[in-house]
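The exercises below are meant to be worked with the sequence and the model side by side. Please attempt each task before reading its solution.

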Amino acid sequence: MKTFITGVLLALSLTAHAGTIRGRVSHAATGEPLPGVNVTLRGTLRGVVTDEHGIFQIVNIPAGDRALTFSIIGFERQTRTVTLLDDGNPVQLDVSLTPVAIQTPDVIVTANKREQSLQEVPVSVAVMDASRISLRNSVTLDDAIRYIPGVNMTEFQVNIRGSSGYSRGAGSRVLMLVDGIPLLTGDTGELNFETIPIGQVERIEVVKGANSALYGSSALGGVINVLTRPIGELSETKVRAFGGFYDSPSYRQWDWKGGTRFLDGLAVSHTDRFDKLGLVVHGSRVADDGYRQNDFRRRYNGFLKLKYDLTAYNSLTTTFNILHQRRGSFLYWKDLRNALVPPDVQQGDRVQSTRFFWAGQYNHVVSQDFIVNGKALWFRNRWEDTIDTLSNNSRSDVMRTEVQSTWAPVQGHVLTFGAEGSLERVDADLFGRRTGGGVAMYLQDELALHERIKVTLGARYDFHDLDSLSSNSQLNPKIGLVYTPGEGTAIRASFGRGFRAPSSAEAFITTYAGGIEIIPNPSLRPERSYSYEIGVAQTVGGFALVDVALFHSDYDNLIEPLFVTVQSQLKGQFNNVTRARVQGIEIGTKLGLFEGKMIFDAGYTYVNPTDRTDNGVLKYRPRHLLYVSLMGRAGVFHAGADFRYISRIERIDEEFTAFVNDAEERVPVYVTDLRCGVDLHGVPLTAIFNIRNVFQYNYVELIGNLAPPRTYVLTIETRL
Amino acid sequence: MRRLAYVLPILVLIVTGCDKGLEPKQVSATTGTFAGLITFHNWQVADSVYDMRLIAFRVFPPTNILEEVLQGRAIVYPPLGSTQLARRGDDSMVYELTVAPGTYPYVVIAQQYGPNILADWRPVGQYDLDTNYTIPSPVQVTAGAVTSGIDISVDFAHPPPPPFE
């Protein structure tokens, strides 16, 4: 406490003698601005990211000699020292960064609820930045996530290293955060990737393995943290448009006479700053005819982000986002001969949804070593569908608050602690009227035991109550270790526990599906997992990085839908039935060729997913994943290729074979995407041409759902 | 290490360029077909025929119609959730079903007579070469061949006895 008070007093006393460092970061060879560079004030917890013009500013820095570190992947890290006088005049610091092939520590991640170098984190984290998303013209987040090693999608459900199968949209064993705040739907507890406008995403971080010790429920198999773009310093309007079409099906039998099927989109965003107020306004529209019958979608999205610097030490950021979508519903094919046509009874099915979230964040720099922030979120999710002749609708609200502090009280310790509260309300004809909520507290200490050894210890206590379900409490610990024996080598080890509270959909669903009565289960218990990982990252000769990780996870009480006998009648119900063990190895490599002008990325994951209740293989888990990416640049031109191999899913729900024609028809996945483009910075204009699934390979991610054929997309972006 | 960056993409292109994945109907020596004519007699009131399917059992006697289907020990045609086998009042229909080769000891037309899709089923006709309803005739399916003449008579008023254990 004494240290805390001293810190506050010190901070306040420094206010009168504080100064500002501002400047521009550019490419050493071309002079072009570098956006997304991490600028950190050494020896403190403070830092910023350069905007799209490479500009940064850190205010209220105590007078004296101050060191700033500039880092971004693909460029040499640079530390510059400046002297701040107590006359209040800002110091201008322009920096040029030199490109290098490979350098590990320059990737900054927030896996520990604060920004730090990837090499300091004891768990596996994959990062995808905005430039990769833009190059691939990913229209939704799940499009982008498909390229991250160790991750695969089963329709819209994400599976990290074998943690998740396919649960028909009920519940998620992966937690998604937006700027650090959980964003799961209140009724089904699932991830909704469409909600977040992809054009406003700065980067996506995927933390692999259980992490409920910091993030609570649903962080069972991993965490996806989506960080939205920071508000720039200059006024700018950006317009991005894309258009394309699906190629004809591979076989005449699959041509359902729908004609050429188009997809297009338009996104306009404007950034501005008025003294202490910065804002981003974004609107977008996506229209997709769909390559299958009754699989169209129309999506409209509005996004507003405001940041107000209350004082030099306080800022308030608020984000509002709304999505409206209308689409057809394609559950599964009629049969393999009619793979792009749904069964006749599904022809008129429609789904309409409106989702919005408001998020607020208050940041307070108490001192250079003590930062407090408060967060709040309101997520409303409303949908209605018409399936056959029946209509269903649901409205759910989730409200969350969190207060988090990061404090470095003495040299060698960084404490992260905080408290969270949540409230959820559901009003749905399928799930009834339900109310739930929870509270949580967490504490984590990152100790530097030695110059080369860092240990992370932490735990989180969660209490959760959902309507008539028995309330439950959880204490989830974590331990992590990072050892850096020499330059370019980092050895990591971690243990973490995860849990997932049942969603309203799993506990209270009451409906008929395909003539089967689905009944609620008010005695559902949370799922649990224990994850262990050992890994090593090694840079080789300054041009290559190799990362190898061994992982092991045990899962208990996994919730699965199954048939039960009630009063001599068979019915469907969610139950805690499965115990599972997932073990495997992940090998990743990144090579920089031709002085960094060509980058080669490859990631291979082997998973052994065992169902310990019947000693079979877990459903919907592929054993092998191999992702390869190659991208090169020559002057204003660039080109790239992505390849994904996913081994054949060995086991699905046997019951599906009774409902879906040719449900057993599935093959390994081999998909190759190509792209080329030009960046005319002087105009400014960027054009990218993508060909997805260039070899027209026919496969299913989910049974009865043929994946898209070869697709051509041209994207043009300009800044005004 | 650098060689890997050149060799791997080439291998990838070779592998992915040759294989086309799924086809409209896999021509496979691992499946066979049986086909025939189904005739209907004495249709009942509409409310009692919720659904109707042809079911080919791999074991005899089975435990329960839908349980065998859900456990993968019987094949249902057309699959549940799609349009049912016949409309009320139909006199007859032809069918063709592609399955794994082997012996199917019990091929039956099953009627869903109540609202519970998992429980309310009964046999209303079976493939039988004689008039002894207690033991149905097996259907032998050969790989790559069509076994025709698997005709079934459905009589709603005089259904065969259910053989379930």
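**Exercise 1.** By class, how many nonpolar, polar and charged residues does the lining of the largest cavity have?

*Solution.* Before starting, note that this is a predicted model, in which local features need pLDDT of at least 70 and side-chain atom pairs count only at pLDDT 80 or more, while totals for chains, interfaces and linings use all residues. Residues are numbered from 1 along each chain as its sequence is written, chains are lettered from A in the order in which they are written, and side-chain values use heavy atoms, with hydrogens and water left out.

Step 1: take a cavity as a set of points, on a 1 Å grid over the protein atoms alone, where a 1.4 Å probe fits but cannot get out, its lining residues having an atom within 4 Å of a point. The volume is the space filled by probe spheres set on the points, which are joined across faces, edges and corners.

Step 2: the search of the whole structure finds 8 cavities of 30 Å³ or more, and the largest has a volume of about 390 Å³.

Step 3: this cavity is lined by 31 residues, with A:Ser217, A:Arg400, A:Ser422, A:Glu424 and A:His464 nearest its centre.

Step 4: sort the lining with Ala, Val, Leu, Ile, Met, Phe, Trp, Tyr, Cys and Pro as nonpolar, Asp, Glu, Lys and Arg as charged, and the others, Gly among them, as polar. The result is 11 nonpolar, 14 polar and 6 charged residues.

**Exercise 2.** Which residues lie nearest the centre of the second largest cavity?

*Solution.* Step 1: the second largest cavity holds about 200 Å³ of space.

Step 2: among its 23 lining residues, A:Lys208, A:Gly209, A:Ala210, A:Ser531 and A:Glu533 lie nearest the centre.

Step 3: by class, this lining has 10 nonpolar, 9 polar and 4 charged residues.

**Exercise 3.** In which sense do strands S18 and S19 of chain A pair?

*Solution.* Step 1: strands are DSSP runs (E, at least two residues), numbered from the N terminus, and two strands pair if DSSP finds at least two bridges between them.

Step 2: S18 (residues 236–246) and S19 (residues 261–274) of chain A pair in the antiparallel sense over 11 bridges, and A:Val239 has A:Val268 in S19(A) as its bridge partner.

Step 3: S19(A) also pairs in the antiparallel sense with S20 (residues 277–288) of chain A, over 12 bridges, with A:Ser269 opposite A:His282 in S20(A). The hairpin of S19(A) and S20(A) has 2 residues between the strands, and A:Asp275 takes a positive phi near 55° there.

**Exercise 4.** Which strands stand at the edges of the sheet with the order S11-S16-S17-S14-S15 in chain A?

*Solution.* Step 1: the 5 strands form an open sheet in the order S11-S16-S17-S14-S15 (chain A), with mixed pairing.

Step 2: S11 (125–129) and S15 (181–182) of chain A each have a single partner strand, so one side of each is left without a neighbour in the sheet, and these two stand at its edges.

Step 3: at one of these edges, S14(A) and S15(A) pair in the antiparallel sense over 2 bridges, and A:Leu177 has A:Pro182 as its bridge partner in S15(A).

**Exercise 5.** With which residue does A:Glu586 form a salt bridge?

*Solution.* Step 1: a salt bridge requires a side-chain nitrogen of Lys or Arg within 4 Å of a carboxyl oxygen of Asp or Glu.

Step 2: A:Glu586 forms a salt bridge with A:Arg161, the closest N and O atoms being 3.1 Å apart. This pair links distant parts of the chain, 425 residues apart, with A:Glu586 in strand S35 (residues 569–593) of chain A and A:Arg161 in the loop between S13 (157–160) and S14 (174–178).

Conventions:
On a 1 Å grid over the protein atoms alone, a cavity is a set of points where a 1.4 Å probe fits but cannot get out, and a pocket is an open set with protein on both sides within 12 Å along at least five of seven lines; lining residues have an atom within 4 Å of a point. Helices (H or I, at least four residues) and strands (E, at least two) are DSSP runs, numbered from the N terminus.
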